[in-house]
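Me: I would like to learn how to read a protein model. Could you walk me through one?

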Amino acid sequence: MGEAVEAWAAAGRRNLHGNVMQVVQMEGEGGVAGALHALGLHDHVVQMEGEGGVAGALHGALQAGALATTFTCSQGLLLMIPNMYKIAGGLLPCVMHVTARTLAADAVSMFCDHQDVMGVRQTGWVMLAAADAQEAQDLAIVSHLASLKARLPFLHFFDGILTSHEMRSVSVLEPEAYRHLLQDPEVAAAIAAHRACGLNPAHPHQRGGAQGADVFMQMREAANPYYLAAPGIVQATMDDVAAFTGRPLRLFGYYGHPQAERIVIAMGSATSVLQEAVDHLNAQGQRVGMVNVHLFRPWSPQHLLAELPASVTSIGVLDRTKEPGGQGEPLYLDVAASITEDMAGGGPMRRVVGGRYGLGGKAFTPAMAVAVFDNLAAQQPRNHFTVGITDDVTMTSLPVGPEINTLPAGTYECLFWGMGSDGTVGANKEAIKIIGEADEGTYVQASFNYDAHKSGGLTVSHLRFGPRSITSSYAIHRADYMGVHLAAYLTKFDCLSRLKSGGVLVVNAPWRSAEDVAAALPARLLRQLATLQPRLYVVDARRMADAVGLGGRINMAMQAAFFQTSGVLPLDKAIPLLKQATSKSYSRQGDKVVAQNHAAVDAALAAVVNIHIPAAWAAADAAGFTPQQQASLVGASDNTAAAAAEAAAASTPTALAAKAAAQRLGLGDFYSRLAEPMLALQADSLPVSAFQAGNIMPPGTTQLERRGTAVSVPAWDPASCSQCNACAFVCPHAAIRPVLATPEELAGGGGTAAAAFETLPLRGVGSRAAAGQELRYRMQVSPLDCTGCSLCSRVCPAGALSMVPLADAVQQQDTAWLFSKTLPSRAHLFDPVSTRGSQFQQPLLEFSGACEGCGETAYVKLLTQMFGERLVIANAVGCSSVWGGWEPSNPYTVTPQGQGPAWASSLLEDNAQFGFGIYTGLKQRRQAYIAVAQQLLDGAAAAVDETAAGKGFGSAALRAALQEWLQVADNGLLCHQAALQLQPLLQAEAAQPGAAASLAALAADAADMLEKPSCWLVGGDGWAYDIGFAGLDHVLAGSEDVNVLVLDNEAYSNTGGQQSKASPLGAVLSMAAGGKASSKKQLGLMMQAAYGDHLYVASVCLEADHKQVVRAFAEAEAHKGPSLIIAYAPCVMHGITDGMKCSAAEACTAVDTGYWPLYRKLKGRVAELLARENRFSVLARRSPGVSADLQARLQQEVEARQARLHLLAKEQTQQQQE
Ligand SMILES: Cc1ncc(C[n+]2csc(CCOP(=O)(O)OP(=O)(O)O)c2C)c(N)n1
Ligand code: SF4
Ligand code: SF4
């Protein structure tokens, strides 16, 4: 919401008062207080460093007599709690708009429930809940007006994602109406009163002082009249607004049978589902109703009771939140108390039960709503129930029947299965706008789901339209139209079960005939098609997109196919509208891109193939696979009969490969219990017993995904390869690795490997193993784990990698990959602190869900290669926590000995403190261990352990090893070697009969305590520069041995690319739509200047200088004190003209031109870099003058910074020489 306001400002849109908003970024509440005004009385949009800062600024602005508003949700809302109390305590009117979302608990989730707003219900803010986008508009207006009249702050909330991200036809109130409402004398007087209370030296007063026990309580109670008056003020304001909108609003909106016996009470988008269920049940002759709670605080029992039909005997309350251990959830408790008090006062006997639904975005459907009404009809309705899951542990769940159709008649439903970054979601947003705007009488609705893979993952778009208003806030179950934008999804997911019989099915595939389809799809799908008899169309959108130069962006071709085959609009009307919309949305990227998209539309229209479904498919072979597929499946695993049987039973080749991997890794239970259903989108039906409370994920589970999403994968040419390992170094997904084998191992590969396993004699270090054995070298890709970004082939200095279609490579290369996994590690032959040597170490971060070509992952992968066996990572929330740990995908894996990175994530704002806490905990435990070991060694065993009295402590060899370990216990690398010597001795002697208990105790903890942990605090620039900066600063100011890695992609990428203080001058980002006007914060320089030599600081760029980054990691790790490494991370948000495949070259230019400092000599000018990145070039196209000015300033800034860095480097060298 804030971004939208900022974008309006940048576009010059005027507010109600005729002013154009102006964006300013303030650092402190004092400055903001004078500047922040909202509701258009004055006109600034302010972005703070974090939500805690926003609340402080809001509070300050209000104290100054300004009108202010803000937007937030979830963790951000929690950060505001202290100031929310202050604002309410000061009776300061303002409005906060909240897209209600869940809070991080055992896991982080970005989806909807009311956990966040329920967490602030005690702060004294009035709380208004909107059920849908239309109500959100209407109640936003009510909130702003009523807040002034009531002299209380208002929190206006609606369901995050469900309502906030849904596209829906709404009736927008004209500015004239707003103006009229604002001119209401009562409102004008309230504004004047508020300003009169503002801090001003002309009429000074003091606010917010301290009080003692004698008066504090009375003062708190003195505010009661305001809360008592608020419900009446809100209702009156609702009536005023309704006079303009024609949509009446009530504090508690009753809907249903006038003589209802059973009613359900809820808030938010679920109420629209309840309405549909009410209509459905009343049409069957039942007598039911529902209450949509708009005013949640202050709670008004009178208004609730007044809304209920006298006939009501049974009430169900639905809460979208959970209060573990409570008597019930908040809404239930309020309703129950109101009804009980009413009954005590002589009101009718009514039974109230409550339950939970929809936590973390869990769907709430009409069938579930019916289940809640059915529960109320039971003799003994279940109380404290859940609905929407199967709770087979504490047995709370209500039984739910099959889904029912409660949609308005004439509604047409479309479901699109797209791949992240293929443009499907963007195209669908355009399509729904086109459909909605083409005919005034058409109502539209669209919502979008994404999986956790940043790119190449699944997107599902739900589009509905029809002649009546659509409020159904749940997924489409039976689509009239289905677009499958990646043919593999047909087999991977159960798409067809969501298609209506006789509906339209359009698939992006190279098929031309029914025979092609039959050869490509398993028999179970052919049978399903024969039963459903859809109108089947095929379009080879990928080929078309390639032909016009759009690569993987197949959206335009698929949109053209949609308009052509669905018949939703006459084609001669739809296509010009589509092209018009395309021109608008791609104009930012230049004429060439617009022309390419238009060409894709034309090509698709001419190439859609209609395929008749033969009735014979109904009897397709029950084994489930075509003969070709059976052959390829067997080849992909091994040649046993069991594998063949497995192949027949499994649903897809990748699923089969995943299952085999799970077995190999001992993750069979995790895979079948959780990962497999989750990856197949079947996890909604998993019962509670499938989960272990506390959420601990086993390592290495991304190996089970075998995603196979690359279009093309690298093919290795041994003849050209120089064995530099540069390709493996940059690969973001660890999908290409150097492999070493002896000729004997190759021969023992059973011929399976030999053919596909060409090798070279290993060059350089370690070419002969210790035993004098010859080693052979090979660069091996995992085709099913590669994302096809092609970075590896582009960085290869010898041109030894070329990209080839996945289909051509998969079978042979996957067999070779699986064989390579059976070879022993030879990592010890190489120095991990070298570019080449580091890549012979096992990457313990692999196959993450990061975007193709992501610049963040390779840094962390390198960390795991250098320190993985003793690595501990505290990860700030951001992209790196999403690609680093999204159930069931854990990309952090282990060595064959079971060691690997220990990873945990707390929040965005506290990662430095969290990591510091982990470090301190580990250090404290290890120091105690070291002290005991030292004591024992010093001959004090008797004092520590009476049973060991007089026996001495271990053998001389053990004591020598222990002594050696103690001497280096604080040095990560040396300690590793000493631990390798010590541990077996400890274990062996502790296992001897009669061994001292103290020795056994030392041996028992040895695995945990001998290695020196390498603690890294990892996160993005949003964390380090902004929201978590205070904590980071505190940790770096200390002397503890923690290492900080900032993955600096110069924006808040995970949330869509908002500007951070790391963003450069002139970049167009969200919250900087007019180009960022302030400079990048010089975090490294600041910290160095502040904390001097006790802090190790480096600025690195992995793509530009492999050696420097390896050295910086090693030096930081060895530094006895805090270290800070700021790492340049190219990101899809940079909009690199030719895509992320060019990100390595782009990063090199960034360094060469001095845009990104590595203490290197400058070459060229930054403009060279900027011209190729859309975040800069968009401004050059839109406002050339502004762009030129900002770019010139950026060049100057780069040069000045470089000069300072040179100076610093010089000073340091001089100091060292002295
Ligand atoms: C206190 C708080 N505010 C906002 C958010 C929402 N949020 C989640 S990730 C993220 C972006 C993090 O950006 P950055 O640290 O730069 O990492 P990146 O995603 O770019 O890797 C934001 C704003 C949050 N989780 N917590
Ligand atoms: S194409 Fe990309 S993901 Fe695949 S191996 Fe090369 S660098 Fe790795
Ligand atoms: S940092 Fe950028 S490229 Fe990497 S996962 Fe996030 S959005 Fe994608």
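Reply: We will take helices, a sheet and ligand surroundings in turn. This is a predicted model, in which local features need pLDDT of at least 70 and side-chain atom pairs count only at pLDDT 80 or more, while totals for chains, interfaces and linings use all residues. Residues are numbered from 1 along each chain as its sequence is written, chains are lettered from A and ligands numbered from 1 in the order in which they are written, and side-chain values use heavy atoms, leaving out hydrogens and water.

Me: How do helices H22 and H23 lie to each other?

Reply: Helices (H or I, at least four residues) and strands (E, at least two) are DSSP runs, numbered from the N terminus. Axes are lines fitted to C-alpha atoms, for helices over the stretch in contact, with angles from 0 to 180 degrees between N-to-C directions. Under 35 degrees counts as roughly parallel, over 145 as roughly antiparallel, 65 to 115 as roughly perpendicular and the rest as oblique. Here the axes of H22 (residues 571-586) and H23 (residues 591-607) come within 9 Å and cross at roughly 155°. H22 is therefore roughly antiparallel to H23.

Me: Which residues of H22 and H23 make the contact?

Reply: Contact means heavy atoms within 4.5 Å. Among them are Ile575, Leu578 and Tyr586 of H22, and Val593, His598 and Leu605 of H23.

Me: What about H7 and H11: what is the angle at which they cross?

Reply: The axes of H7 (residues 133-150) and H11 (residues 224-245) cross at roughly 135°, coming within 9 Å. These two helices are therefore oblique to each other.

Me: How should I read a sheet?

Reply: Strands of a sheet pair through backbone hydrogen bonds, either parallel or antiparallel. Two strands count as paired if DSSP finds at least two bridges between them. In this model, an open sheet of eight strands runs in the order S7-S16-S17-S15-S18-S19-S20-S21, with mixed pairing. Its edge strands, S7 (167-168) and S21 (609-611), each pair on one side only. S19 (residues 499-508) and S20 (residues 535-539) pair in the parallel sense over five bridges. Leu505 stands opposite Leu536 in S20.

Me: Which residues surround ligand 2?

Reply: A residue is near a molecule or strand if one of its heavy atoms lies within 4 Å of it. Around ligand 2 you will find residues including Cys731, Cys786, Cys789 and Cys792.

Me: How many residues of each class are in the shells of ligand 2 and ligand 3?

Reply: Ala, Val, Leu, Ile, Met, Phe, Trp, Tyr, Cys and Pro count as nonpolar, Asp, Glu, Lys and Arg as charged, and the others, Gly among them, as polar. Ligand 2 has eight nonpolar, three polar and no charged residues in its shell. The shell of ligand 3 has seven nonpolar, two polar and two charged residues, and Lys454 and Glu856 are among the residues surrounding ligand 3.
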